[in-house]
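Thank you for coming, everyone. I would like to take a few minutes to walk through a structure that is new to most of this group, so please have a look at it on the screen before I go on.

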Amino acid sequence: MLKNAGILLILIAGVGMGYSRSRELTLRERNLRLFLQMVICLKGEIRCGNLSLPEAFREIAGKLPGKYGEFLEEICLSLREASGRPLGEIYRQCAEQKFKDLDFSREERELFCSLGGRLGYLDREMQLRQLDLCEEEILRYLDVLRKEMPEKKKIYQSLGVLGGVLLAVLLW
């Protein structure tokens, strides 16, 4: 009886691991979409609102949910302190603190963390061009992820089930 309960738990754990990896892909897509939304809003505030970067970050902070809004608010506060640190350094530090567990690939994480360095020293037109380039990169990452996601999710789920069944058979 106890052995059967253990085998059942192993099966459930295998299925859970597969679905967990599948969910990570969904969260990664969601985070990329929120990052894209942040870049688009930032472009709009700079282009149409003629706002400086701290003001643009403050305006966007109220429009984005959860960690993204808090992140932008924290950058705004750090910039107001006028500690003499460049925007790129402040942005990277806030990004690394706030988004330690962000479900991004290494390249996506580097793009996210480097955005402040791309914006901090340029004039308005160059900032807008840098944001356009960033938007294109995010869209490329999203396209690749959306193409790979259905089959990867199915593979993760199938491997989770298969792994659980294999362990259960080995322990039987």
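Glutamate 45 counts as buried, because its relative accessibility is 12% and the cut-off for buried is under 20%. I should say at once that this is a predicted model, so please hear every value I give as a computed one. The side chain of glutamate 45 meets that of lysine 63 in a salt bridge, with 2.7 Å from N to O. This pair links distant parts of the chain, since glutamate 45 sits in helix α1, which covers residues 2–47, while lysine 63 sits in the loop between α2 (53–61) and α3 (66–80), 18 residues apart. Lysine 63, for its part, is partly exposed, with a relative accessible area of 46%.

How many salt bridges does the structure hold? There are 15, and I will take up two further pairs here, together with one network. As a general remark, side chains of opposite charge can pair when their charged atoms come close.

Arginine 92 forms a salt bridge with glutamate 110, and the closest N and O atoms of the two are 2.9 Å apart. Here again distant parts of the chain are linked, with arginine 92 in helix α4 (residues 87–98) and glutamate 110 in helix α5 (residues 106–119), 18 residues apart. Arginine 92 is partly exposed at 27% relative accessibility, and glutamate 110 is likewise partly exposed, with a relative accessible area of 41%.

The other pair is arginine 118 with glutamate 137, a salt bridge in which the closest N and O atoms are 3.1 Å apart. Arginine 118 belongs to helix α5 and glutamate 137 to helix α6, which covers residues 124–171, so that this pair, 19 residues apart, also links distant parts of the chain. At 22% relative accessibility, glutamate 137 counts as partly exposed.

As for the network, salt bridges that share partners join Lys43, Asp132 and Glu135. Let me stay with glutamate 135 for a moment, which lies in helix α6. Is glutamate 135 buried or exposed? Its relative accessible area is 16%, and therefore it is buried. Setting aside residues up to four places away in sequence, glutamate 135 touches Leu36, Val39, Ile40 and Lys43.

Now to the way the helices pack, which I will take in chain order.

The axes of α2 and α3 come within 8 Å and cross at roughly 150 degrees. That angle makes α2 roughly antiparallel to α3, because angles over 145 degrees are counted in that way. The crossing of these two helices, α2 and α3, is left-handed. On the α2 side the contact is made by Pro54, Phe57, Arg58, Ile60 and Ala61, and on the α3 side by Gly69, Leu72, Glu73, Ile75, Cys76, Leu79 and Arg80. Sorted by class, the residues of this contact of α2 with α3 are 8 nonpolar, 1 polar and 3 charged.

Moving along the chain, α3 and α4 pack at an angle of about 145 degrees, and their axes are 10 Å apart. The crossing of α3 and α4 is right-handed. Among the α3 residues that take part are Phe71, Ile75 and Leu79, and the α4 residues they face as a group include Leu87, Ile90 and Tyr91. In the contact of α3 with α4 there are 8 nonpolar, 2 polar and 4 charged residues.

In the loop between α3 and α4 we find arginine 85. Arginine 85 counts as partly exposed, at 32% relative accessibility, and it touches Ile90 and Gln93, residues up to four places away in sequence not being counted.

The last pair of helices is α4 and α5, whose axes come within 6 Å and cross at roughly 155 degrees. How do α4 and α5 run with respect to each other? They are roughly antiparallel, and the crossing of α4 and α5 is right-handed. Arginine 92 of α4 and Glu110 of α5 both appear among the residues that make this contact, and they are also the partners of the salt bridge I described earlier. By class, the contact of α4 with α5 has 7 nonpolar, 4 polar and 3 charged residues.

Note on methods:
Residues are numbered from 1 along each chain as its sequence is written. This is a predicted model: local features need pLDDT of at least 70, side-chain atom pairs count only at pLDDT 80 or more; totals for chains, interfaces and linings use all residues. Side-chain values use heavy atoms; hydrogens and water are left out. A salt bridge is a side-chain nitrogen of Lys or Arg within 4 Å of a carboxyl oxygen of Asp or Glu. Helices (H or I, at least four residues) and strands (E, at least two) are DSSP runs, numbered from the N terminus. Buried means under 20% relative accessible area, exposed over 50%, partly exposed in between (1.4 Å probe, protein chains only). Axes are lines fitted to C-alpha atoms, for helices over the stretch in contact, and angles run from 0 to 180 degrees between N-to-C directions. A crossing is left-handed if the near helix is turned anticlockwise from the far one by less than a right angle, and right-handed if clockwise. Contact means heavy atoms within 4.5 Å. Ala, Val, Leu, Ile, Met, Phe, Trp, Tyr, Cys and Pro count as nonpolar, Asp, Glu, Lys and Arg as charged, and the others, Gly among them, as polar. Angles under 35 degrees count as roughly parallel, over 145 as roughly antiparallel, 65 to 115 as roughly perpendicular and the rest as oblique.
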